[in-house]
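The report below describes the chain from its overall order of elements to its packing, and then turns to single residues. Please read it alongside the sequence and the coordinates.

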Amino acid sequence: MNLPNLLNNINYSGDIKDIEISSLAHDSRKVAKGSLFIALKGRKSDGYDYIDEAINNGASAILANSRKVSISKDIPIINVENVRYVMSKIAS
C-alpha cells in the first residue's frame, strides 16, 4: 500500500512521499526493503536506538513519536502523538 493511503485519517506531521510500503516492523532485525519501521519505546529498549539499523536493512519510512530524529538518508519520518495507537490503526 502506498504511504499516503496507509496514513489516511491519521493525524501526523512530517513530509511524506508517495512510496510503497510492503510491510510493518517494530523490530529493526525484521525490517526488509519497503518496510515502515515503527520506533516504539519499550521497558528495556527504545526503538529510536534502532532507526539507523532499520534504514540499513531497507526501511522506506519511519513512524515515530514527536521527538526529533536526525538520520543521514532522505526517507520520510512520520511523527505522531501515540505511536502504539497509530500502529494498531494502520496494521488493521
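## Overall architecture

Followed along the sequence, the protein chain shows the pattern α-β-β-α-β-β-α, and in this predicted model the chain has three helices and four strands. Along its principal axes, the C-alpha trace spans about 30 × 25 × 25 Å. The radius of gyration is 12 Å, which agrees with the value near 12 Å that a compact globule would have with 92 residues.

Of the 92 residues in the protein chain, 42% are buried. The chain exposes about 5,800 Å², and carbon and sulfur atoms supply 43% of that area. When contacts between residues at least 6 apart in sequence are considered, 43% of them join residues at least 24 apart.

## Strand pairing around β2

Strand β2, residues 35-38, pairs with two other strands: with β1 (residues 23-25) in the parallel sense over three bridges, and with β3 (residues 61-64), again in the parallel sense and over three bridges. On the β1 side, alanine 25 has phenylalanine 37 of β2 as its bridge partner, while on the β3 side the bridge partner of leucine 36 is alanine 61. Between β2 and β3 the chain passes through helix α2 (residues 51-56), and this β-α-β crossover is right-handed.

The side chains of β2 point in two directions, with Ser35 and Phe37 on one side and Leu36 and Ile38 on the other, and all of them are buried.

## Two nonpolar cores

In soluble globular proteins, nonpolar side chains tend to be buried together. In this model, the largest nonpolar core has 16 residues, and those with the most contacts inside it are Leu3, Leu36, Ile38, Leu63, Ile78, Val80 and Ile90. The elements that give two or more residues to this core are α1 (3-6), β2, β3 and α3, and the largest share, four residues, comes from α3. Apart from this core lies another, of 13 residues, with Ala54, Ile55, Ile62 and Ile77 among them.

Which residues does leucine 36 touch, not counting those up to four places away in sequence? Its contacts are Leu6, Ile21, Ser23, Leu24, Ala25, Ala61, Ile62, Leu63, Ile78 and Ile90. Among these, Leu63, Ile78 and Ile90 are also listed with leucine 36 as residues with the most contacts inside the largest core, whereas Ile62 is listed in the other core.

## Isoleucine 77 and alanine 91

Isoleucine 77 lies in strand β4, residues 77-79, and is one of the residues named in the core of 13 residues. Is isoleucine 77 buried or exposed? Its relative accessibility is 16%, so isoleucine 77 counts as buried, the cut-off being under 20%. Although isoleucine 77 and leucine 36 are 41 residues apart along the chain, their C-alpha atoms are separated by 9.7 Å.

Alanine 91 is found in helix α3, which covers residues 83-91. Because its relative accessibility is 53%, alanine 91 counts as exposed, the cut-off here being over 50%. From alanine 91 to leucine 24 the C-alpha to C-alpha distance is 7.6 Å, with their positions 67 residues apart in sequence. Leucine 24, in turn, is one of the residues that leucine 36 touches, and helix α3, where alanine 91 has its place, gives four residues to the largest core.

Key. Residues are numbered from 1 along each chain as its sequence is written. This is a predicted model: local features need pLDDT of at least 70, side-chain atom pairs count only at pLDDT 80 or more; totals for chains, interfaces and linings use all residues. Side-chain values use heavy atoms; hydrogens and water are left out. Buried means under 20% relative accessible area, exposed over 50%, partly exposed in between (1.4 Å probe, protein chains only). Two strands pair if DSSP finds at least two bridges between them. A crossover is right-handed if, with the strands pointing away from the viewer, the path from the first strand over the helix to the second runs clockwise. The radius of gyration is taken over C-alpha atoms; the globule rule is 2.2 Å times the number of residues to the power 0.38. Contact means heavy atoms within 4.5 Å. Accessible areas come from the Shrake-Rupley method with a 1.4 Å probe; for residues, only the protein chains shown count as cover. A nonpolar core is a set of buried Ala, Val, Leu, Ile, Met, Phe, Trp, Tyr and Cys residues joined through side-chain atoms within 4.5 Å.
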